[in-house]
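Student: Could you take me through one part of this model at close range, the surroundings of the ligand, and then go on to the aromatic rings? I would like one connected account.

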Amino acid sequence: LSPCKNICSLTMSSHVGFESLPDQLVNRSIQQGFCFNILCVGETGIGKSTLTDTLFNTNFEDQESSHFCPPVKLKAQTYKLQESNSYQPIADYIDAQFEAYLQEEMKIKQSLFNYHDSRIHVCLYFLSPTGHSLKTLDLLTMKNLDSKMNIIPVIAKADTISKTELQKFKIKLMSELVSNGVQIYQFPTDDDTVARINAAMNGQLSFAVVGSMDEVKIRNKMVKAHQDPWGVVQVENENHCDFVKLREMLICKNMEDLRKQTHTRHYKLYRRCKSEEMGFSDVGPENKPVSLQETYEAKRHEFHGERQRKEEEMKQMSVQRVKEKEAILKEAKFEHLKRVHQEERMKPEEKRRILDKEIIDFSKKKATCEIFQTQSFLATGSNLRKDKD
Ligand code: GDP
């Protein structure tokens with residue numbers, strides 16, 4: 001029904017009921033429930049748990065949620081990441097949630113309507129109110145994660161820095177983020193109902209917050225506040241900190257946009273990269289559009305060809321191996337025969353050498369015998385002569 005060029009507008013003669021569409025969406029959201037996942041990133045003790053508790057006015061670590069309690073509309077879970085000096089575990093965690101959604105989406109029998117969506121819809125990035133430059137680790141982390149999720153920078157424990165210092169720090173921080181090309185989440189200005197406030201808030205980023213579950217009595221009213229020896233900082237007082245602005249922008253005004261951006265921008269980017277990694281693309285050579293079926297067939301064909309090529313290569317390799325083995329065997333056999341032949345040839349020569357030695361020994365023995373015989377004959381002759389005498 002939007003007034004487009006080629007669509008002619010009709011005036012409705014009676015009530016149709018299109019205006020009930022927002023109610024239908026509200027009813028469906030309330031009945032089905034929805035997931036809104038906030039990831040808090042920042043150093044230990046910076047105030048992440050306190051701020052989440054303050055935001056939702058609850059104590060997440062103590063509370064158990066029942067599966068059967070109808071008023072529960074928001075299922076909140078806290079994930080403790082291992083302390084690490086690297087953004088990689090966070091990147092891996094975000095990707096794992098995208099992958100789980102992608103797997104569900106690719107199922108033949110999808111059940112996305114009751115799927116527990118664990119994708120991160122917004123990241124509250126907690127920064128220390130140092131007044132100095134951003135830490136390299138924070139810059140690096142935001143730079144590497146800004147394409148994976150909506151990042152909103154938050155200056156934690158804003159009560160520990162003076163108002164003028166805080167203002168200066170906010171300006172410095174934003175200019176550092178811009179000069180380093182960090183893409184932080186921008187509140188959308190295309191919806192007339194929130195365009196003005198969102199544009200104003202985009203100009204005031206980031207949010208300087210104070211978190212506290214403690215209550216203090218101020219003008220006969222109990223209010224959440226952080227009390228220290230220097231005074232009381234009221235969490236929900238807009239003159240004291242940006243807590244209310246953050247809650248308003250996060251929950252009341254832009255929760256749906258954060259969910260939408262997560263799906264259409266960050267998840268779709270993950271999905272596109274994954275598909276391209278697997279060789280799928282919307283366009284083929286010469287920028288011609290290709291269907292999934294065509295890409296699948298082309299891939300199958302390519303895979304088949306590659307397999308045949310590999311098989312042929314393996315065949316050639318095994319023939320070559322057999323040839324080499326045969327040559328080695330031939331060589332070994334030839335060497336063996338040569339040795340046997342040599343040994344066989346050596347045998348008669350050895351026998352002859354032994355015989356020659358035996359002949360020489362025999363001749364020596366014979367000569368000794370003859371000498372011995374001659375001597376004993378001569379001795380017998382002389383004895384006979386003596387007897388005659
Ligand atoms: P986490 O480790 O980042 O979750 O930090 P916690 O929320 O556990 O807070 C660590 C300490 O900082 C606690 O003692 C809190 O009471 C205190 N804290 C939290 N938020 C604030 C704040 O806004 N201002 C001040 N001054 N202290 C805070």
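Tutor: Happy to. A backbone N or O atom of Gly 45 lies 2.7 Å from an oxygen atom of the ligand. Bear in mind that this is a predicted model. Thr 50 also meets a ligand oxygen, this time through its side chain, where an N or O atom is 2.5 Å away. At a nitrogen atom of the ligand you will find His 226, with a polar side-chain atom at 3.0 Å. As for the ligand's surface, 580 Å² is exposed when the ligand is taken alone, and the protein buries 69% of that.

Now widen the view to the whole shell. The ligand is surrounded by 14 residues, and Gly 45, Lys 48, Ser 49, Thr 50 and Asp 159 are the closest. Sorted by class, the shell has eight polar, four charged and two nonpolar residues. Helix 2, which spans residues 48–56, gives the most to this shell, with three residues.

Let us turn to the rings. There are six aromatic pairs in the structure. One of them joins Tyr 101 and Tyr 115 edge-to-face, with 5.4 Å from centre to centre and 75° between the planes. Tyr 101 belongs to helix 3 (residues 88–106), while Tyr 115 is in the loop between helix 3 and strand 2 (122–127), so their pairing ties together parts that are 14 residues apart in sequence. Tyr 101 and Tyr 115 are both buried.

Another pair to look at is Tyr 185 with Phe 187. Their ring centres are 5.4 Å apart and their planes stand at 90°, so this pair is edge-to-face. Here too, both Tyr 185 and Phe 187 are buried.

Back at Tyr 101, you can follow the ring pairs outward: they link Phe 98, Tyr 101, Tyr 115, Tyr 267 and Tyr 270 into a cluster. Arg 119 adds a charge to this picture. Its charged end sits over the ring of Tyr 101, 3.6 Å from the ring centre. Arg 119 also lies over the face of Tyr 267, where the distance to the ring centre is 5.0 Å. If you display Arg 119 together with the cluster, you can trace how its charged end sits over Tyr 101, a ring that is itself paired with Tyr 115.

Technical notes. Residues numbered from 1 in each chain as written. Predicted model: local features only at pLDDT ≥ 70, side-chain atom pairs only at ≥ 80, totals over all residues. Heavy atoms only, no water. Near = heavy atom within 4 Å. Polar contact = N/O pair within 3.5 Å; in protein donor to acceptor, adjacent residues only side chain to side chain. Areas by Shrake-Rupley, 256 points an atom, 1.4 Å probe, with all protein chains shown as cover. Helix = DSSP H or I, 4+ residues; strand = E, 2+ residues; numbered from the N terminus. Nonpolar A, V, L, I, M, F, W, Y, C, P; charged D, E, K, R; others polar. Phe/Tyr/Trp six-rings, centres within 6.5 Å; stacked < 30°, edge-to-face > 60°. Buried < 20%, exposed > 50% of the residue type's maximum accessible area, 1.4 Å probe, protein only. Lys NZ or Arg CZ within 6 Å of the ring centre and 35° of its normal.
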